[in-house]
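Could you walk me through this structure in my viewer, one selection at a time? I am new to it and would like to know what to click on and what is there.

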Amino acid sequence: MRLQRITTNYPVYLRQFYQTRPELVSQPYAAQHQALMRDAYGWADFWSTALSKLEYEVDEVVSNAEPMQRAWASEHGLSYNDNNWLLEITTAQIKAFRPDVLFVNDYVTYSAAYLRQLKAECSFIHLVLGWCGAAYSDASVFTEYDVVLSGAPELVCTFRSQGHRCEHLNLAFDPRVLERLRPGEPTVDFGFMGTIVKKNEFHNAREQLIVDLLEQTPLRIWTDAPSPSLQERGNVLVRQWAFDAVRAASRVGVSEAMLKSLPGAKNVKHWKARPALPPRLDDRILRAARSPLFGMEMFQQLQRTRVSLNTHVDIARTHASNMRLYEATGAGSCLLTDAKPLLHELFEPDVEVVAYANADECVEKVNYLLAHEEERRAIAKAGQQRTLRDHSFDNRAARLDEIIQKELRRCDAQ
């Protein structure tokens with residue numbers, strides 16, 4: 001069975017990755033890909049390693065790793081449009097690998113229109129899986145997936161109610177990460193590593209919690225808290241002007257054909273929302289924020305953190321489901337996570353992880369853990385053992401294979 005996963009990495013991470021490894025830019029695709037996978041960002045090669053044990057041949061494509069992707073194109077003699085290099089190179093990689101199963105891990109970059117065209121050109125693809133673990137603004141892409149996968153049971157219910165085939169698949173930890181960590185004692189008492197996105201159903205509760213904890217605990221935070229430059233502000237103003245101008249032209253009766261003939265207007269007409277700068281984070285967070293950590297740097301810091309804070313995205317109201325559950329416990333940190341009614345299905349509260357119901361309880365529990373080192377160590381160890389036993393990618397690969405086999409049989413029967 002051939003499975004190909006197409007994904008994108010967070011642009012801030014990719015900039016850091018290449019800035020700290022400038023020699024990679026001129027190296028062959030294989031060398032860049034190996035280095036990127038070894039850094040263990042996101043899912044890296046976790047799925048390919050686990051699925052290979054089940055006799056899958058897996059290819060992992062990181063579509064927006066520009067130096068790496070352009071190296072692949074050069075090595076394969078591929079000509080492409082510089083304005084559409086990301087999708088054209090990805091399409092060529094799919095046609096070269098010829099997967100039976102395509103696993104789409106970005107519901108924004110790979111649009112519904114792109115996937116429709118891809119399926120029309122690639123009859124060898126028998127099954128398209130798509131992952132969604134957070135809120136979304138455009139649901140059209142999900143109609144192009146044969147099956148939607150999600151680690152959030154709330155989203156599984158939503159997708160099924162909308163008529164999509166959807167399966168629940170928990171996230172996981174890859175034990176190979178531990179082999180790459182440098183041993184050492186914790187140097188940080190209480191830490192948070194992650195994003196803070198001020199959008200509906202994302203991290204509004206997280207922002208307020210972190211503000212409260214900064215005032216009452218020794219919390220250290222590593223997050224991307226950008227302050228837009230003058231150029232970025234100017235670019236948004238120009239895009240806003242273009243958006244407003246095209247909408248105004250449409251209202252006064254300028255024809256579709258006329259708009260399409262104007263430079264840039266054709267694209268602007270399809271923008272779904274007026275461009276805007278992201279909402280500014282609370283100043284207390286901006287003052288406290290350290291540069292974000294990714295990949296092995298993040299895992300190393302998790303290992304060196306006595307208590308790691310976890311707080312879920314706003315859309316996750318009843319189930320514990322995010323990556324930090326497994327990353328922090330897998331790395332050996334004591335996890336302090338927001339209480340969810342069904343957390344016990346994954347970890348035993350107060351034995352393998354510690355849960356809090358609100359900011360006051362979070363303050364109380366982190367202070368207790370920091371004052372009782374032996375108990376903190378015991379919880380951290382028990383949490384790590386649970387993750388290594390029940391929450392590895394090998395565990396999840398068996399479940400993913402079960403889903404794939406079931407769906408392929410269903411497709412064959414149609």
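Start by selecting arginine 377, which is partly exposed, with a relative accessibility of 41%. Keep in mind as you click that this is a predicted model. Now add glutamate 185 to the selection: its side chain meets that of arginine 377 in a salt bridge, 2.8 Å from N to O. Colour the two surroundings and you will see that the pair links distant parts of the chain. Arginine 377 sits in helix H17 (residues 373-390), while glutamate 185 is in the loop between helix H8 (176-179) and strand E7 (188-193), 192 residues away.

Stay here and widen the selection. Which residues are linked with Arg377 in a network of salt bridges? Show Glu185, Asp189, Arg306, Glu373 and Arg376 together with Arg377, and you have the network on screen.

Next stop: arginine 70 and aspartate 82. Their side chains form another salt bridge, with 2.9 Å between N and O. Here arginine 70 belongs to helix H4 (residues 66-75), and aspartate 82 lies in the loop between H4 and helix H5 (85-97); the two are 12 residues apart, and this pair too links distant parts of the chain. Switch on the surface and look at arginine 70: it counts as partly exposed, because its relative accessibility is 24%.

Now pick lysine 340 and aspartate 338. This salt bridge has its closest N and O atoms 3.9 Å apart. Are its two partners buried or exposed? Lysine 340 is buried, at 15% relative accessible area, and aspartate 338 is buried as well, at 10%. If you would like to continue hunting, a search of the whole structure finds 30 salt bridges.

Time for the cysteines. How many disulfides does a search of the whole structure find? The count is zero. Select cysteine 132 to see one case: the nearest cysteine sulfur belongs to cysteine 166 and is 8.4 Å away. A disulfide needs the two sulfur atoms within 2.5 Å, so cysteine 132 is in none. Cysteine 132 is also buried, with a relative accessible area of 0%. Then move to cysteine 334, which is in no disulfide either; the nearest cysteine sulfur, that of cysteine 362, is 11 Å away. Cysteine 334 counts as buried too, because its relative accessibility is 0%.

For a change of scene, find asparagine 235 in helix H10 (residues 230-251). Asparagine 235 is partly exposed, at 41% relative accessibility. Draw a distance from its C-alpha to that of alanine 276: the two are 9.9 Å apart in space, although 41 residues separate them in sequence.

Finally, zoom out and show the whole chain as a cartoon. You will be looking at 18 helices and 11 strands. The radius of gyration is 23 Å, close to the 22 Å that the globule rule gives for 414 residues, so the protein is as compact as a globular protein of that length. Turn it around and the C-alpha trace spans about 70 × 50 × 50 Å along its principal axes.

Colour by accessibility for one last view: 51% of the 414 residues count as buried. The accessible surface comes to about 19700 Å², and carbon and sulfur atoms make up 50% of it. If your viewer can draw contacts, consider those with a separation of 6 or more: residues 24 or more positions apart account for 70% of them.

Terms used:
Residues are numbered from 1 along each chain as its sequence is written. This is a predicted model: local features need pLDDT of at least 70, side-chain atom pairs count only at pLDDT 80 or more; totals for chains, interfaces and linings use all residues. Side-chain values use heavy atoms; hydrogens and water are left out. Buried means under 20% relative accessible area, exposed over 50%, partly exposed in between (1.4 Å probe, protein chains only). A salt bridge is a side-chain nitrogen of Lys or Arg within 4 Å of a carboxyl oxygen of Asp or Glu. Helices (H or I, at least four residues) and strands (E, at least two) are DSSP runs, numbered from the N terminus. The radius of gyration is taken over C-alpha atoms; the globule rule is 2.2 Å times the number of residues to the power 0.38. Contact means heavy atoms within 4.5 Å. Accessible areas come from the Shrake-Rupley method with a 1.4 Å probe; for residues, only the protein chains shown count as cover.
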